[in-house]
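Colleague: I should like to learn how strands and sheets are read in a model. May we go through this one together?

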Amino acid sequence: MKGESMRNDEREITLGEYLAARGVSRRAFLKFACSLASLMALPPSAGIAMAEALAKAKRPSVLWFPFQECTGCTESITRSHEPTIESMIFDMISLDYHETLMAAAGHQSEAAREQAMKDHYGKYLLLIDGSVATGLDGAYSCIGGQTNLSWLTEAAKGAAAIIAIGSCASYGGIPKANPNPTGARAVSDIVKDKPIVNIPGCPPIPAVLTGVLAHFLTFGSLPELDPLGRPKAFYGETIHDRCYRRPFYDQGRFAKTFDDEGARNGWCLYELGCKGPVTYNACATIKWNAGTSFPIQSGHGCLGCSEPDFWDKGSFYRPLSVAHWGNKATLGGAAAVGVALGAAAALAARRRQDKIVKGD
Amino acid sequence: MSDLRDTAYATAILHEVADLLAKLAADGSCGAIDLRAMPLGPADRARLEEVLAQGAVKVSVDAGGPSEIFETVYPGVWWTRHRNDAGETVSEFIEVTDCPQFLKSQPDDIRAGASGLRRLLE
């Protein structure tokens, strides 16, 4: 109980006071805020204003529920060994329930969940990773004898907002792939009366969650979302739009196998099935592993893992022009921004793929 | 020719820096470019580092991990790289200003320092 009381006291102080008590200087916090502003596609000057607002913010209670998932999303967000911008998320919030991270287990952990929901009813943030099993009334996925479905519907009632982490929570993801034996659904298929932010990706970029939480704390609202419920700051442009290999697409220079001259020269991977032109995510700019690289930079096309039903859209190695991705308007848009050489190469890719399909 | 194609983004950034520097010279208005928001390839980065080479001032700051800030050979153009304690780059900017905000002492830190020093002397 003493520990519980201390945690509540800590939540009442501002984030600035919380960090100052831990020896974090305002200059260090300014650096953190400027980096956050950078992640959120805000102008660098916004970092100063963000630092001011964040310092005055109270740390919200956060409940994180894992449903039909592989723990890859949690791994992505927590794997940092040293303090990083992503790990500072745990300074910004009071994480009151997370099965993988919490020390409590069994009845004690369930009691902690229920207590946090009661104490912060209407104010807590609900984070979900994994899809929601709905088959057999949700019996395919249970925790503590209760279905994920019942947990979600109960906890959603008292949530200020819900953040669906990863493609499974956002769209159903791999558990929903054909033939979807568990009746997997997205969080937004179940909850209709609460604001929901989708952070898709398999896994999602960890800094995106930090950015969404920072926006909530700084502005007291959720960030602007696209029609699929994704924050526009991170999902506003396609991988293709921001890819450093994009100039090669415009020049009609494509790798045609994974070991030809084009591949060695770092040319565009469109003909090798890259889904970058129809995939909205920030991998090309934020990148992975502390900004080291992203799949295309490592020589493999984008799989489109942050788009709905990416697993059921045919081979990852078919060019978009012959795959089941997007629609004519989307692909037309992608082609329109390229030059004639790019479009001609796309046509050549389609012809080549037709030959492969026909066995010529 | 191949180099020019490989460094298209660097060329665009350098033109933007030139425009910002002209503004700074004209009316003192500051600006910044977020390098992590740009899809830079290895050749782009090499080109930027070649043109915006280190000038007379280089500063190291230890606040939430090391930060390196240097003025380029073009006075008023600063290159700022923030790292975390593991040495990973968390943000990187080209700032066009007379002095980056991050180098200035922050008011809250000044107040805390003033009271701390007073307590020490009492």
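Colleague: Why is strand β5 of chain B largely enclosed by the rest of the structure?

Modeller: This is a predicted model, in which local features need pLDDT of at least 70, side-chain atom pairs count only at pLDDT 80 or more, and totals for chains, interfaces and linings use all residues. Residues are numbered from 1 along each chain as its sequence is written, while chains are lettered from A and ligands numbered from 1 in the order in which they are written. A residue is buried if 20 or more other C-beta atoms, placed from the backbone, lie within 10 Å of its own. Strands are DSSP runs of E with at least two residues, numbered from the N terminus. In β5(B), residues 89-96, 7 of the 8 residues are buried, so the strand is largely enclosed.

Colleague: Which strands pair with β5(B) in the antiparallel sense?

Modeller: Two strands pair if DSSP finds at least two bridges between them. Strand β1 of chain B (residues 31-34) does so over 4 bridges, with B:Asp34 opposite B:Phe93. Strand β4 of chain B (residues 77-83) is joined to β5(B) over 7 bridges, and B:Trp79 faces B:Ile94 there. β4(B) and β5(B) also form a hairpin with 5 residues between them, where B:Gly87 in the turn has a positive phi of about 85 degrees.

Colleague: What is the strand order of the open sheet in chain A?

Modeller: Its 5 strands follow the order β2-β1-β3-β7-β9, with parallel pairing. Strands β2 (94-98) and β9 (196-199) of chain A are at the edges, each with a single partner strand, so one side of each lacks a neighbour in the sheet.

Terms used:
Buried ≥ 20, exposed ≤ 12 C-beta atoms within 10 Å, placed from the backbone.
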